[in-house]
Amino acid sequence: MARVKGALATRKRRNKILKLAKGYWGGKSRLFKTAKEAVWKSGQYAYISRRLKKRDFRRLWITRISAACKLNDMNYSTFINGLKKADIGLNRKMLSEIAINDPAAFTSLCEKAKAAL
């Protein structure tokens, strides 16, 4: 029986990695070994960044809510505490959207939070 080297499978595997490395600078897009390392590292960065993105957005929402609270003579922590005591269960993303798009509704939320304290 003839010997099988597996050149097709090897070439397909290598081309798959090189396709993922398309657009990288220099040898990282042309040489298999460096492309493999670059793709592996970019996968790590992507994994980490998917977790950091959640953290960054939460910080952004809190900053927006805090700025809107200051316009209503409140600070962020007393506002959130007042909402919890008033049994208003809005998350920070929605509070941020309300603060940006509907300042009148946010003002009424601040009044309810003040009343609950």
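Visitor: How many of the 117 residues of the chain count as buried, as a percentage?
Guide: In this predicted model, 21% of the 117 residues count as buried.

Visitor: And what is the radius of gyration of the chain?
Guide: The chain has 26 Å, whereas a compact globule of 117 residues would have a radius of gyration near 13 Å. Along its principal axes, the C-alpha trace spans about 85 × 35 × 20 Å.

Visitor: Which secondary structure does the chain have?
Guide: The chain comes to five helices and zero strands. Read from the N terminus on, the elements run α-α-α-α-α.

Visitor: What share of the contacts with a separation of 6 or more comes from residues 24 or more positions apart?
Guide: Those pairs account for 48% of such contacts in the chain.

Visitor: Let's talk packing. At what angle do helix 3 and helix 5 pack?
Guide: Helix 3, residues 76-85, and helix 5, residues 103-116, pack at an angle of about 75 degrees, and their axes are 8 Å apart. That makes helix 3 roughly perpendicular to helix 5, because angles of 65 to 115 degrees count as roughly perpendicular.

Visitor: Which residues make that contact?
Guide: Helix 3 contributes Phe79, Gly82, Leu83 and Lys85, while helix 5 brings Phe106, Leu109, Cys110, Ala113 and Ala116. By type, the residues of this contact divide into seven nonpolar, one polar and one charged.

Visitor: Moving on to Asn72: where is its place?
Guide: Asn72 sits in the loop between helix 2, residues 32-71, and helix 3.

Visitor: Is Asn72 buried or exposed?
Guide: Asn72 counts as buried, because its relative accessibility is 15% and buried means under 20%.

Visitor: What does Asn72 touch, leaving out residues up to four places away in sequence?
Guide: Asn72 touches Phe106, Thr107, Cys110 and Lys114. With Thr107 there is also a polar contact of 3.3 Å between the two side chains. Phe106 and Cys110 also appear on the helix 5 side of the contact with helix 3.

Visitor: Asp73 is in that loop too, I think. What is its phi?
Guide: Phi of Asp73 is near 60 degrees, a positive value in a residue other than glycine. Asp73 is indeed found in the loop between helix 2 and helix 3, and Asp73 is exposed, with a relative accessible area of 69%.

Visitor: What about phi of Asp87?
Guide: For Asp87, phi is near 55 degrees, again a positive value in a residue other than glycine. Asp87 is found in the loop between helix 3 and helix 4, and at 72% relative accessibility Asp87 counts as exposed.

Visitor: Now Ser96. Which helix does Ser96 lie in, and what is its relative accessibility?
Guide: Ser96 lies in helix 4, residues 92-101. Ser96 counts as buried, at 0% relative accessibility.

Visitor: Which residues does Ser96 touch, not counting those up to four places away in sequence?
Guide: Ser96 touches Trp61, Arg64 and Ile65.

Visitor: Last one, Arg30. Where is it, and is Arg30 buried or exposed?
Guide: Arg30 has its place in the loop between helix 1, residues 7-20, and helix 2. Arg30 is exposed, because its relative accessible area is 61% and exposed means over 50%.

Visitor: How far is a polar atom of the Arg30 side chain from the backbone oxygen of Gly26?
Guide: A polar atom of that side chain lies 3.0 Å from the backbone oxygen of Gly26. As for the backbone, the C-alpha atoms of Arg30 and Leu18 are separated by 6.8 Å, and these two residues are 12 residues apart along the chain.

Terms used:
Residues numbered from 1 in each chain as written. Predicted model: local features only at pLDDT ≥ 70, side-chain atom pairs only at ≥ 80, totals over all residues. Heavy atoms only, no water. Axes fitted to C-alpha atoms, helices over the stretch in contact; angles between N-to-C directions. Helix = DSSP H or I, 4+ residues; strand = E, 2+ residues; numbered from the N terminus. Parallel < 35°, antiparallel > 145°, perpendicular 65-115°, else oblique. Contact = heavy atoms within 4.5 Å. Nonpolar A, V, L, I, M, F, W, Y, C, P; charged D, E, K, R; others polar. Buried < 20%, exposed > 50% of the residue type's maximum accessible area, 1.4 Å probe, protein only. Polar contact = N/O pair within 3.5 Å; in protein donor to acceptor, adjacent residues only side chain to side chain. Rg over C-alpha atoms; globule rule 2.2 N^0.38 Å.
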